[in-house]
Structures are given as C-alpha cells and as structure tokens.
Amino acid sequence: MSKLSRSLVKASLSAVAAVTLMASAASAQTEIKLGHVGAPGSLFAQSADLYAAKVNAQLGDKAKLVVYGSSQLGGDTELLKKLKLGTVDLALVSTVMTSVAPEFGVFEMPYLVQNRDHAARIAKNVTHPILGPVAEKAGYRILGVWENGYREITNNKRPIVKPADLEGVKLRVPGGVWRVKMFKAYGASPSPMELKEVFVALQTGVMDGQENPLTQIYSQKFQEVQKYLSLTGHVYTPAYLTGGASWSRLPADVQKILKNTAVAIEPEILKLAAKLDGELIDKMKASGIQVNEADKPAFVAASKAIYDEFAKEVPTGKELIDKSLGLAKGS
C-alpha cells in the first residue's frame with residue numbers, strides 16, 4: 001500500500017472515529033436519567049414508567065428519559081448525592097428527604113394523612129408551595145408529588161396489634177430521625193438500612209421485621225421471609241420526583257414537559273396506588289403470610305409525644321402540622 005493510500009485510510013478511520021465520538025456525545029447529552037429504588041412491579045416502578053412514557057411521547061428527538069430502577073444508580077442517599085453532582089438528573093425519593101430539610105419530617109407524623117384525597121390537598125397546599133422552596137434552597141427541585149404509600153409492618157416475632165407488641169422487635173426503617181423516634185416510642189428497636197439490603201437482613205435474622213407500603217413489601221418479596229403482616233397504616237409517605245444540579249442545563253421546553261407532566265399525573269398515580277393496595281392484600285394472604293388488623297386508636301394515642309417533639313424541634317413544625325391536619329376536612 002502506497003504512502004498516499006495509507007494516509008487516506010488513516011484519514012477515513014479518523015473521520016469515522018470522530019463521527020462516532022460525536023454521535024456518542026450527542027446521545028449522552030440527550031439522555032435524562034431517572035433513578036429509584038423500587039423493584040419491578042412496585043408503585044415506584046409503575047409510576048416512573050408511566051411518567052417516562054408520557055414524557056418521551058412529548059420530547060420527540062429533543063431528549064429521552066430513561067428509568068433506572070432497583071437501586072441501579074444507588075440507594076436513596078446515594079441518589080440525593082448524585083442529584084447534587086448532576087450525574088443523575090431525576091430521582092424518585094421518599095423518606096430520605098427528611099435529611100435534606102427537617103420540615104419534610106411532617107410526613108413522618110403518624111396518622112397525619114387521613115386518605116388519598118387528603119394527601120392530594122396536602123400536596124397542593126403544603127408540599128408544592130411550602131416544602132418545594134425549602135428543597136430548592138437545599139439544591140433540589142420537586143417536580144411532582146407522587147406516592148410511596150401507607151406503611152404496614154411485617155415481622156417474624158408476632159402479630160402487631162398494639163404498640164406494646166413491638167417491644168424488642170428489631171425493625172428496619174428507612175433513613176430519617178423521626179421514624180426511629182416513633183418506633184422507639186412504640187417499644188421497638190429500629191435501625192435505618194437501605195432498601196436493597198433488607199431482604200437478606202430479614203432472611204438471616206439480622207432484622208426481625210420492617211415497615212413499608214404494600215407495593216414495596218410485595219415487589220421486594222418480603223412475604224417470602226416474614227411470617228406476619230400487620231395493617232397498621234402508621235405513616236403515609238409521599239414520593240417526590242426530584243431534580244438537582246443538572247436541571248438548569250436542560251432546555252426550557254424540556255424542563256416544561258418534565259415539570260408539567262410530573263404534576264399532571266399526580267391524580268393518576270394516587271388512583272393506581274389505591275388499586276394496587278386493594279389487589280395486594282389478597283395476594284399477600286395467598287402467599288401464606290398471616291395478615292391482621294391493628295388497633296389504630298392505640299397507636300394514635302401512643303403517638304402524641306412525637307407530634308409534640310416535632311412541633312418543638314422544627315421551627316415551622318406546628319404550623320406544618322396544623323395546616324396539614326386542617327386540610328383533612330371533608331376527607
């Protein structure tokens with residue numbers, strides 16, 4: 001091969017490499033990453049997939065939203081860090097937001113949210129207008145207020161009917177001081193742990209039990225390593241579709257699609273959550289786990305000290321509690 005031929009081949013290969021590199025860069029720039037910890041079939045997974053389908057139908061070739069579930073991009077704490085760094089664009093998170101700002105602890109108050117209509121009113125009148133700006137000051141942007149759900153207790157010790165039944169139960173809880181305080185007040189021994197670690201902890205006896213919404217319990221297959229499911233419904237946890245450092249780098253029209261769609265599907269997700277709860281009770285019973293109703297008035301009575309402490313420790317705590325409870329009228 002002549003020197004000229006070799007030069008032409010080399011130039012051609014360089015051109016192909018440059019085009020490939022440019023195409024890869026363009027592709028990387030247009031991918032919007034959404035991470036969450038939910039397993040396939042969970043409410044998190046179904047909500048994120050619904051959102052992605054609606055968003056991508058509007059984005060066309062502007063960008064593509066890609067969902068990474070099952071903690072592929074990290075647990076909740078890691079997702080918050082990656083949002084701050086801009087290496088993850090969006091994350092669907094829940095209780096971990098109490099580590100961003102103490103005001104989010106209002107949703108750790110037991111039996112605060114009466115039903116999903118009440119939850120929708122709180123989202124509209126408290127979360128978006130009051131907690132949204134609080135999150136923004138900390139470097140996060142709440143796009144939509146979705147659902148994690150009403151939390152129930154599973155364990156291998158005994159059915160939980162009254163708070164006293166939790167005495168000595170080693171209970172996994174998500175990160176956040178208020179869930180720990182609440183279960184200590186009930187007599188349990190709570191320990192924060194990432195969701196991805198919980199199945200093995202239950203299977204090996206490191207933890208006796210855990211508490212989560214039914215969709216998380218079932219999709220994580222906790223019923224396979226737990227004997228009892230107690231329907232305490234002790235806390236309703238919202239889920240927050242949250243952006244971070246990369247938000248400002250997105251084009252304005254893309255931002256608008258992401259934000260408007262996140263808010264528009266809030267009622268749809270609440271309906272989906274209610275439907276799943278109804279279906280999962282029967283599935284849980286069929287799995288062989290023993291299901292029992294809890295004495296909720298007994299839990300409510302045992303929760304007063306948590307409300308008092310939150311109102312005292314968080315400067316706007318009492319205001320947030322009163323405003324949220326006031327929206328229960330008509331529930």
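**Exercise 1. In which helix is Leu325 found?** Locate the residue in this predicted model, then describe its surroundings.

*Solution.*
Step 1. Leu325 is found in helix α12, which comprises residues 317-326.
Step 2. Its relative accessibility is 34%. Because buried requires under 20% and exposed over 50%, Leu325 counts as partly exposed.
Step 3. Leaving aside neighbours within four places in sequence, Leu325 is in contact with Leu112 and His118.
Step 4. Leu325 and Tyr111 are separated by 214 residues in sequence, yet their C-alpha atoms are 9.9 Å apart in space.

**Exercise 2. Determine the location, phi and burial of Tyr111, and treat Ser70 likewise.**

*Solution.*
Step 1. Tyr111 has its place in the loop between β3 and α4 (116-137), and Ser70 is found in the loop between β2 (64-68) and α3 (76-85).
Step 2. Most residues other than glycine have a negative phi. Tyr111, however, has a positive phi near 60°, and Ser70 has a positive phi near 55°.
Step 3. The relative accessibility of Tyr111 is 16%, so this residue counts as buried. Ser70, with a relative accessible area of 40%, is partly exposed.
Step 4. A glycine with positive phi may be set beside these two residues: Gly187, which follows α5, has a phi near 105°.

**Exercise 3. Describe how strand β3 is covered and paired.**

*Solution.*
Step 1. Strand β3 spans residues 90-93. Leu90 and Leu92 lie on one side and Ala91 and Val93 on the other; these residues are all buried, and both faces are thus covered.
Step 2. Strand β1 (residues 31-35) runs parallel to β3, and 2 bridges join them. Within this pairing, Leu34 has Leu90 as its bridge partner in β3.
Step 3. Strand β9 (residues 236-243) runs antiparallel to β3, and 4 bridges join them. Here Ala91 has Thr242 as its bridge partner in β9.

**Exercise 4. Extend the analysis to strand β9: how many of its residues are buried, and which strand joins it through 8 bridges?**

*Solution.*
Step 1. In β9, 8 of 8 residues are buried.
Step 2. Both faces of β9 are covered. One side carries Tyr236, Pro238, Tyr240 and Thr242, and the other carries Thr237, Ala239, Leu241 and Gly243.
Step 3. The 8 bridges come from strand β4 (residues 141-155), which runs antiparallel to β9.
Step 4. In that pairing, the bridge partner of Gly144 is Leu241 in β9.

**Exercise 5. Identify the cavity of the model and place Phe104 in relation to its lining.**

*Solution.*
Step 1. Rolling a probe the size of a water molecule over the atoms shows where empty space is left.
Step 2. A search of the whole structure yields 1 cavity of 30 Å³ or more. The space in the largest cavity is about 50 Å³.
Step 3. The lining consists of Ser94, Thr95, Met97, Thr98, Phe104, Phe107, Glu108, Thr237, Pro238 and Tyr240. By class, these residues divide into 5 nonpolar, 4 polar and 1 charged.
Step 4. Phe104 lies in the loop between β3 and α4; its relative accessibility is 2%, so Phe104 counts as buried.
Step 5. Beyond its neighbours within four places in sequence, Phe104 is in contact with Met97, Thr98, Leu131, Ala135, Ile142 and Tyr240. Of these, Met97, Thr98 and Tyr240 also appear in the cavity lining.
Step 6. Phe104 and Leu320 are 216 residues apart in sequence, with a C-alpha to C-alpha distance of 9.4 Å.

**Exercise 6. Which residues have the most contacts inside the largest nonpolar core, and how is the protein organised overall?**

*Solution.*
Step 1. The largest nonpolar core has 97 residues, and Tyr51 and Leu258 have the most contacts inside it.
Step 2. Not counting residues up to four places away in sequence, Leu258 touches Ile32, Tyr51, Val55, Leu90, Leu143, Trp247 and Leu250.
Step 3. In helix α5 (residues 177-186), the buried residues are Trp178, Arg179, Val180, Met182, Phe183 and Tyr186.
Step 4. For the protein, the secondary structure comes to 12 helices and 10 strands, and 51% of the 331 residues are buried.
Step 5. Among contacts with a separation of 6 or more, 76% are between residues 24 or more positions apart.
Step 6. The C-alpha trace spans about 90 × 45 × 35 Å along its principal axes.

Technical notes:
Residues numbered from 1 in each chain as written. Predicted model: local features only at pLDDT ≥ 70, side-chain atom pairs only at ≥ 80, totals over all residues. Heavy atoms only, no water. 1 Å grid on protein atoms, 1.4 Å probe; cavity = no way out; pocket = protein on both sides within 12 Å on 5 of 7 lines; lining within 4 Å. Points joined across faces, edges and corners; volume = space filled by probe spheres on them. Nonpolar A, V, L, I, M, F, W, Y, C, P; charged D, E, K, R; others polar. Core = buried A, V, L, I, M, F, W, Y, C linked by side-chain atoms within 4.5 Å. Buried < 20%, exposed > 50% of the residue type's maximum accessible area, 1.4 Å probe, protein only. Contact = heavy atoms within 4.5 Å. Pairing = 2+ DSSP bridges.
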